[in-house]
Amino acid sequence: MSSPNFIDYVKFCSRSGHGGAGCLHFHREKFIQKGGPDGGNGGRGGHIILRGDAQHWTLLHLKYRKHVIATSGNPGEEQDRTGADGKDEIIPVPLGTVARDAETGEIRCEITEDGQEFILTPGGRGGKGNAFFATATHQAPQNAQPGESGIEEWIVLELKLLADVGLVGFPNAGKSTLLSVVSAAKPKIGDYPFTTLTPNLGVVPYRDDRSFVIADIPGIIEGAAEGRGLGIRFLRHIERNSLLLFLVPADSRDIKTEYDILLNELRKYNPELLDKKRLLAISKSDMLDDELKTEIKKELPTDLPTIFISSITNQGITELKDLIWKHLH
């Protein structure tokens, strides 16, 4: 995923079509003196529909589309003919997309499956023609309904990446390097903070042709929930992960403190994130000897599965995959 093309937030105006008006008409034909009412119903206005599409991985195609407008239904016609429905506007979105009302923040839907459809903004109903109102005691109705107006509203779409494992850590913790080692992904790697500016996905091959997906989330710093660093912009992607893999480098001043800071930022953003399974990987462990590893383990929570790894020497990488697979299944 390259920075300019990864768009995970868009806001647009969604306007459905108006319903067509019902027809007020009486049958006129030679040798038929008093033809009955034969005005048809109006057509339905077009819907605005979201459809899940596994071929999309970003909302880039909607970035510059500020208005999505469906067509209106046609009015009813004589001889009890119903007007044509307005054409629906179908918006393909990547899996993991959440639609919200821009004014109230109410969640309208979550698209998680390929081909899943949801009517985001329904079109107006078509009006009834006068033939609809004819009864045995009211044989010549002089009324027909106008079409129902369409709806105009502002919608926000947010993309939350669907992945099995989410990498959580400070900038320069080695997340991108780990992703490049265990998968075919080629994230940007550099020896400076905030090298990763957009999430990266990688498919990790496992034994017997099995695999799982890892998401590399841009670095979190203390105060991210209040807007520091990259803020909470990318924390939404962690909500979709089944397992959180915390990555803390071995050269940190205090590994336990860094882990607690990361955990606290997730708690501030969404306390439900703490209900997810968690693993801790100590990266850059090639600089540690067995005695230092033992000392570090004593300071960490006993109920937190911990593993020492090195992406450069491949130390502990196989064991890490086994540990992830075990907790995923």
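Strand 2 (residues 48-52) and strand 7 run antiparallel and are joined by 4 bridges, and within this pairing L50 stands opposite F118 of strand 7. The model in which these elements are seen is a predicted one, and the description that follows should be read with that in mind. In general, the strands of a sheet pair through backbone hydrogen bonds, in either a parallel or an antiparallel manner. The pair just named belongs to an open sheet of 3 strands with the order 4-2-7, in which the pairing is mixed. Strand 4 and strand 7 (117-121) are the edge strands of this sheet, each of them pairing on one side only. Direction ignored, neighbouring strands here are turned against each other by 30 degrees on average.

Strand 4 also helps to locate S72, a residue placed in the loop that runs between strand 3 (67-69) and strand 4 (89-93). With a relative accessible area of 35%, S72 lies between the limits of 20% for buried and 50% for exposed, and is therefore counted as partly exposed. Leaving aside residues up to four places away in sequence, S72 touches G17, H18, G45 and G86. For one of these partners, H18, the side chain of S72 reaches the backbone nitrogen at 3.1 Å. The position of S72 can also be related to R44, since the two are 28 residues apart in sequence while their C-alpha atoms are 7.3 Å apart in space.

A further open sheet is built from 6 strands in the order 10-11-9-12-13-14, again with mixed pairing. Its edges are strand 10 (200-205) and strand 14 (306-308), and because each has a single partner strand, one side of each is left without a neighbour in the sheet. From one strand to the next, the twist of this sheet averages 25 degrees. At one end of the order, strand 10 pairs with strand 11 (residues 211-216) in the antiparallel sense over 6 bridges, and V204 stands opposite F212 of strand 11.

Two helices pack on this 6-stranded sheet, as the next contacts show. Helix 1 touches strand 9 (165-169), strand 10, strand 11 and strand 12, and its direction makes about 40 degrees with that of strand 10. Helix 2, for its part, touches strand 9, strand 12 and strand 13, with a direction at about 140 degrees to that of strand 12. Helix 1 (residues 175-182) contains S176, which has a relative accessibility of 9% and therefore counts as buried. An unreviewed UniProt entry lists S176, together with T196, under "binding site".

The packing can be followed further through the nonpolar residues. In soluble globular proteins, nonpolar side chains tend to be buried together. The largest nonpolar core of this model has 26 residues, and those with the most contacts inside it are V168, I220, I238, F246, L266 and L280. Strand 12 (243-249), helix 2 (255-269) and strand 13 (277-283) are the elements that give two or more residues to this core, and helix 2 provides the largest share, 6 residues. I220 illustrates how such a residue is surrounded: residues up to four places away in sequence not being counted, I220 touches V168, G169, F170, P171, L235, I238, L262, E265 and L266. Apart from this core lies another, of 21 residues, among them L178, V182, A281 and I309.

Methods: Residues numbered from 1 in each chain as written. Predicted model: local features only at pLDDT ≥ 70, side-chain atom pairs only at ≥ 80, totals over all residues. Heavy atoms only, no water. Buried < 20%, exposed > 50% of the residue type's maximum accessible area, 1.4 Å probe, protein only. Contact = heavy atoms within 4.5 Å. Polar contact = N/O pair within 3.5 Å; in protein donor to acceptor, adjacent residues only side chain to side chain. Core = buried A, V, L, I, M, F, W, Y, C linked by side-chain atoms within 4.5 Å. UniProt positions renumbered as here; feature names shortened; annotations may be inferred. Pairing = 2+ DSSP bridges. Axes fitted to C-alpha atoms, helices over the stretch in contact; angles between N-to-C directions.
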